[in-house]
Amino acid sequence: MLIENIENNKITITVSSSVDRFGLQRLIDYVKYLEATANSKAKQSAIDALADEVNSSWWEANKMRFAK
């Protein structure tokens with residue numbers, strides 16, 4: 001693995017082709033999440049409540065597709 005610091009505070013990471021692409025993509029997605037939420041002032045309890053509401057609404061709208 002090679003990590004280089006280039007212009008404008010950008011970092012280039014080069015990994016060998018033997019690295020699991022799925023795992024690497026999950027890692028990249030997590031770093032994107034950290035970057036997107038870095039300045040968030042939301043509390044975890046509010047996020048959990050919103051997630052519960054969305055999941056419940058989705059299930060009510062889609063349960064007939066899965067239950068016989």
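Lys-63 and Glu-60 stand 3 residues apart in helix H2, which covers residues 44-66, and are therefore separated by about one helical turn. In this predicted model, the two side chains form a salt bridge in which the closest N and O atoms are 3.2 Å apart. A search of the whole structure finds 1 salt bridge, and the pair in helix H2 is thus a convenient place from which to begin. Lys-63 has a relative accessible area of 29%, and because a residue counts as exposed over 50% and as buried under 20%, Lys-63 is classed as partly exposed.

From this helix one can step back to the chain as a whole. The protein holds 2 helices and 2 strands, and from the N terminus on these elements follow the order β-β-α-α. The overall dimensions are those of a chain that departs from the globule rule: for 68 residues a compact globule would have a radius of gyration near 11 Å, whereas the protein has 19 Å. The C-alpha trace, laid along its principal axes, spans about 50 × 35 × 15 Å. Burial can be read alongside these dimensions, for buried residues make up 1% of the 68 residues in the protein. The exposed surface amounts to about 6,800 Å², of which carbon and sulfur atoms supply 56%. As for charge, the protein carries 9 positive and 9 negative charges, and the mean positions of the two sets are 5 Å apart.

The N-terminal part of the chain brings in the two strands. Strand S1 comprises residues 2-6 and includes Ile-3, a residue that counts as exposed because its relative accessibility is 55%, above the cut-off of 50%. Ile-3 also belongs to a nonpolar patch on the surface, which it forms with Met-1, Ile-11, Ile-13, Val-15 and Val-19, and these residues together have about 610 Å² of accessible area.

Between S1 and strand S2, the latter spanning residues 10-14, runs a loop that contains Asn-8, and Asn-9 is found in this loop as well. What is notable about the backbone here is the sign of phi, since most residues other than glycine have a negative value. Asn-8, although not a glycine, has a positive phi of about 60°, and the phi of Asn-9 is likewise positive, near 55°. Both side chains can also be placed on the scale of accessibility: Asn-8 counts as exposed at 62% relative accessibility, and Asn-9 counts as exposed at 76%.

Further along the chain comes helix H1, made up of residues 21-37, in which Glu-35 lies. Is Glu-35 buried or exposed? With a relative accessible area of 64%, Glu-35 is exposed. Its position can be related to the nonpolar patch through Val-19, one of the patch residues: Glu-35 and Val-19 are 16 residues apart in sequence, and their C-alpha atoms are 23 Å apart in space.

Taken together, the path through the model leads from the salt bridge between Lys-63 and Glu-60, by way of the nonpolar patch that includes Ile-3 and the loop with Asn-8 and Asn-9, to Glu-35 in helix H1.

Technical notes
Residues are numbered from 1 along each chain as its sequence is written. This is a predicted model: local features need pLDDT of at least 70, side-chain atom pairs count only at pLDDT 80 or more; totals for chains, interfaces and linings use all residues. Side-chain values use heavy atoms; hydrogens and water are left out. Helices (H or I, at least four residues) and strands (E, at least two) are DSSP runs, numbered from the N terminus. The radius of gyration is taken over C-alpha atoms; the globule rule is 2.2 Å times the number of residues to the power 0.38. Buried means under 20% relative accessible area, exposed over 50%, partly exposed in between (1.4 Å probe, protein chains only). Accessible areas come from the Shrake-Rupley method with a 1.4 Å probe; for residues, only the protein chains shown count as cover. Lys and Arg count as positive and Asp and Glu as negative; His and the chain ends are not counted. The place of a charge is taken as NZ of Lys, CZ of Arg, CG of Asp or CD of Glu. Patches are made of residues with over 30% relative accessible area and no salt bridge: like charges are joined within 9 Å, nonpolar side chains (Val, Leu, Ile, Met, Phe, Trp, Tyr) within 5 Å. A salt bridge is a side-chain nitrogen of Lys or Arg within 4 Å of a carboxyl oxygen of Asp or Glu.
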